[in-house]
Amino acid sequence: MKLTVLGATGGVGKEVVRQALDAGHQVTAVVRDPARLPVNHSALDVVTADVTVAGALRPAFAGREAVISCLGPRTRRDAGIASTATRAILKAMETGDVRRLVVVSAVPVGPMPEGESLWYSKIALPLLRRLLRDGYADLGAMEEEIRRSATEWTVVRPPRLTDKPLTGRYRRVVGGNVPRGYTISRADTAHAMLAVLDDPATVKQAVGVAY
């Protein structure tokens with residue numbers, strides 16, 4: 001496929017770019033600083049653009065079959081970037097006639113899964129939501145924007161991310177979160193995002209992934 005990846009210099013974004021290229025896709029990576037993407041490949045184009053401006057994104061979306069967004073707030077000061085950028089992404093996709101959209105979100109944005117432990121459901125998750133409420137509010141607003149769109153979207157919700165290597169072995173729940181799944185690597189999150197691209201069961205669905 002011909003893919004555009006946003007947030008390509010982040011932990012998940014770099015993995016998406018690498019794995020997509022390894023799988024034979026053509027990738028356009030949208031970045032703010034090309035020096036932060038240490039990937040070279042004949043099928044990779046690196047574009048510098050403001051992800052919050054639809055007009056700046058349109059050239060990177062031209063002729064693409066899907067857009068993958070790995071954007072999200074890395075710190076509290078970044079809260080707002082995911083929803084703001086998503087509005088620009090959706091406008092650029094609409095004018096560029098791109099239909100497929102895959103984005104990364106986070107477990108706390110979704111519902112509590114059945115079978116979750118009392119410790120996590122009553123203590124850990126509420127505390128996490130309170131401490132990082134601005135970031136999760138941003139991701140929640142992002143998901144609302146996507147649900148209202150006409151795109152063929154999928155939201156992938158991982159729990160705490162680690163830098164462990166790719167395994168390709170993780171649990172997945174379409175339409176919910178994974179119970180008692182507290183970590184997943186950035187590499188396996190990227191794997192999950194690429195795996196849903198051509199999976200019709202995940203269109204217009206949130207997908208929980210975890211070990």
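Leucine 127 sits in helix α4 of this predicted model. With a relative accessible area of 37%, Leu127 counts as partly exposed. Leu127 also has company at the surface: together with Leu128, Leu131 and Leu132, it makes up a nonpolar patch of about 300 Å².

Helix α4 turns up again as part of the cover over its neighbour in the numbering, α5. Helix α5 takes in residues 133-147, and its 15 residues should span 21 Å at 1.5 Å a residue; the C-alpha atoms at its ends are 21 Å apart, so the expected and computed spans agree. Quite a few α5 residues are tucked away, the buried ones being Gly135, Tyr136, Asp138, Leu139, Met142, Glu143, Glu145 and Ile146. The elements covering them include two helices, α3 (81-96) and α4 (118-131), along with the strands β5 (100-104) and β6 (152-157). In an α-helix there are 3.6 residues a turn, so residues three or four places apart point the same way.

One spot where α3 meets α5 can be followed through isoleucine 81, a residue of helix α3. Ile81 is partly exposed, at a relative accessible area of 26%. Leaving out residues up to four places away in sequence, Ile81 touches Val51, Thr52, Gly72, Pro73 and Asp138, and Asp138 is one of the buried residues of α5. Glycine 135 lies 54 residues from Ile81 along the chain, yet their C-alpha atoms are separated by 9.1 Å.

Turning to the interior, the largest nonpolar core has 30 residues, and those touching the most other members are Val5, Val16, Val17, Leu44, Ile68, Cys70 and Met193. Two or more residues apiece come from β1 (2-6), α1 (11-22), β2 (26-31), β4 (66-69), β5, α6 (186-195) and β10 (205-210). Helix α1 gives the largest share, five residues. As for Cys70, its contacts beyond four places in sequence are Val5, Leu6, Gly7, Val12, Gly13, Val16, Val104 and Met193. A separate core of 28 residues lies apart from this one, with Ala54, Leu57, Val98 and Val103 among its members.

Val104, a contact of Cys70, is also touched by proline 158. Pro158 belongs to the loop between β6 and β7 (160-162). Loop or not, Pro158 is buried, because its relative accessible area is 3% and the cut-off is under 20%. Besides Val104, and setting aside neighbours within four places in sequence, Pro158 is in contact with Ser105, Ala106, Val107, Ile184, Thr189 and Val209. Leucine 197, by comparison, is 39 residues from Pro158 in sequence and 17 Å away in space, C-alpha to C-alpha.

Note on methods:
Residues are numbered from 1 along each chain as its sequence is written. This is a predicted model: local features need pLDDT of at least 70, side-chain atom pairs count only at pLDDT 80 or more; totals for chains, interfaces and linings use all residues. Side-chain values use heavy atoms; hydrogens and water are left out. Helices (H or I, at least four residues) and strands (E, at least two) are DSSP runs, numbered from the N terminus. The expected span of a helix is 1.5 Å times one less than its number of residues. Buried means under 20% relative accessible area, exposed over 50%, partly exposed in between (1.4 Å probe, protein chains only). Contact means heavy atoms within 4.5 Å. Patches are made of residues with over 30% relative accessible area and no salt bridge: like charges are joined within 9 Å, nonpolar side chains (Val, Leu, Ile, Met, Phe, Trp, Tyr) within 5 Å. Accessible areas come from the Shrake-Rupley method with a 1.4 Å probe; for residues, only the protein chains shown count as cover. A salt bridge is a side-chain nitrogen of Lys or Arg within 4 Å of a carboxyl oxygen of Asp or Glu. A nonpolar core is a set of buried Ala, Val, Leu, Ile, Met, Phe, Trp, Tyr and Cys residues joined through side-chain atoms within 4.5 Å.
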